[in-house]
Every structure is written in C-alpha cells, then in structure tokens.
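Visitor: I'd like a quick tour of the charged pairs in this one. Can you take me through them?

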Amino acid sequence: MIHLIKVFYFARLKESLNYSTEDIELPVNVKTIAQLKVHLAERGETWADLFGGQQSIRAAINHALVDNDAIINSGDEVAFFPPVTGG
Amino acid sequence: MGVRVQTEDFDVGAEITAMRLSSANIGAVVSFIGQVRDLNDGDNVDSMFLEHYPGMTEKALVEIIAQAKVRWSITDALIVHRIGELKPQDQIVLVLVASAHRQEAFAACECIMDHLKTDAPFWKKEQTQHGLRWVEAKASDEDARHRWKSTTKN
C-alpha cells in the first residue's frame, strides 16, 4: 500500500528549498514527524541543514501543531515551518 | 466570536461599537492593537511582509478564542490579523474581548494575545537598512504563553 502525503513548507524553509509544496510517498519506516525529518535530511546539504536538528522547526498535521512523535497517516497534510512570529 | 485574516486595514472604532452593541449584557470591552514598529533589534525597519498558512491560521485563531472562552466568562471575542506588506505604524493585529465585568475581559484579551504569539502560523520578514531578514521568535513570547498554564482562574 502506498502512503501518500502532501507536505507544505513556509517562511525561511520555503525560501531555502525554493518551493512550497510537494507530494511525498512515505517509506515504510517513516511513521512520525521525527522520522520524516530524518528522511528529508537525507536528501542533500540544504535539507540536512534544515531538518538535521540544528534548526528549530515546527510541524503541523492537518492544520494542528504537533510534536515530533506525532503519527503521520496516509492522506495527511503535513507542514514544516520556523517558530511563528505573528502579532 | 470571529477571526479574520486580511490584507486590508481595520477600523478599531467600528469594531468596538459593533461588539459593544451586540448585547446589553456586555459591561466591558477590552482591546489590544498591535502596531508595526520602525525599529527592531537595533535596526531601522522600512517595511515588513507577513506570510501565513491559509487554512491553519484561521483554525488556530478559532481554537485560541475557544480556549479563552472555556477559561473565562466572556461574551464575545474577535481577532483581526493583517497579512502582506506593512509599514511602520500600520495596525497589524486587533484583539477585542467583551464580558459582563472588566476582569474577565482584561485577562482573556492578554491570554489570547500571548497564545497568538506562539501558536498562530504567521511569519514576519523585515526590510531593514541591512536588507531582508526573517524575524526570529522570542523566548520571552514562549514564557508569556506558559505562565497561563500555572495560573488558575479566579
């Protein structure tokens, strides 16, 4: 079974990666936000800089803020972004 | 109860009047207005751009008001937040809270604003004399939000 999710990137992340959204097919061993970050960090230097753990990155699943251990399900909308600075 | 995310400016007086007149049970309306400053971290700010996460932003703001309503006895609340290009002295955010008595409205307004600072997906990018830069989140905003966890309602 293919687990397809939609991923969005915002602010500094969107600029560094030069795009804002993509569909990702989750490998079988990727079930949580933390595991997805590790998976993305393996894509190359820019990705490792963003998702390797040095930067503070927040995540949301289906428009709700979540922690690193949150479970990702097929069809979810996942978003990664820096700590927010509104108001 | 309402939330709005918009590029246009807002009319504070009109918003307050509309809320005040919505119920004769209201005895207090508290407002917070955020304004763009011309100085941040020692640098002059010429303009800023506000990015957000459409869909999540509205949901986060609705949730922040819902939690305030559980905690305090408030009659009504409104959050208006602007996005896009803003200049120093532009209004950026409005929080209005109405209640029968002032204490609940004061506390709820501050609590809503503290949660907005850490939970609503907005990001500011500033144009300064040194170029464009993303604004960094402040630890003091996290501290301000956390203090609401330890204080009890009374």
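Guide: Sure, and one cut-off first: a residue is called buried when its relative accessible area is under 20%, exposed when over 50%, and partly exposed in between. Keep in mind that this is a predicted model.

Visitor: How many salt bridges are there over all chains?

Guide: Side chains of opposite charge can pair when their charged atoms come close. The rule here asks for a Lys or Arg side-chain nitrogen within 4 Å of an Asp or Glu carboxyl oxygen. Over all chains, that gives a count of 13 salt bridges.

Visitor: Which residue forms a salt bridge with A:E15?

Guide: This pair crosses between chains, starting from helix α1 (residues 12-17) of chain A and ending in strand β8 (residues 122-128) of chain B. The closest N and O atoms are 2.2 Å apart. The partner is B:K125.

Visitor: Is B:K125 buried or exposed?

Guide: Its pair mate A:E15 has 40% relative accessibility, so A:E15 counts as partly exposed. B:K125 has a relative accessibility of 15%, and the buried cut-off is under 20%. So B:K125 is buried.

Visitor: What about chain B's own E15: which residue does B:E15 form a salt bridge with?

Guide: The closest N and O atoms of this pair are 2.6 Å apart. B:E15 sits in helix α1 (residues 12-20) of chain B and its partner in strand β1 (residues 2-6) of chain B, so the bridge ties together parts eleven residues apart in sequence. B:E15 is buried at 17% relative accessibility, while the partner is partly exposed at 31%. That partner is B:R4.

Visitor: How many residues apart are B:R147 and B:E110?

Guide: Their side chains meet in a salt bridge at 3.2 Å, N to O. B:R147 belongs to helix α4 (residues 139-150) of chain B and B:E110 to helix α3 (residues 102-119) of chain B, so this pair links distant parts of the chain. Both count as partly exposed, B:R147 at 35% and B:E110 at 40%. The separation is 37 residues.

Visitor: Which residues are linked with B:D43 in a network of salt bridges?

Guide: Here the bridges join up into a network. Linked with B:D43 are B:E126 and B:R133.

Visitor: One helix to finish: how far does α2 of chain B reach from its first C-alpha to its last?

Guide: Helix α2 (residues 56-71) of chain B has 16 residues. At 1.5 Å a residue, 22 Å is expected, and the model comes close to that. The reach is 23 Å.

Technical notes
Residues numbered from 1 in each chain as written. Chains lettered and ligands numbered in written order. Predicted model: local features only at pLDDT ≥ 70, side-chain atom pairs only at ≥ 80, totals over all residues. Heavy atoms only, no water. Helix = DSSP H or I, 4+ residues; strand = E, 2+ residues; numbered from the N terminus. Buried < 20%, exposed > 50% of the residue type's maximum accessible area, 1.4 Å probe, protein only. Expected span 1.5 Å × (residues − 1).
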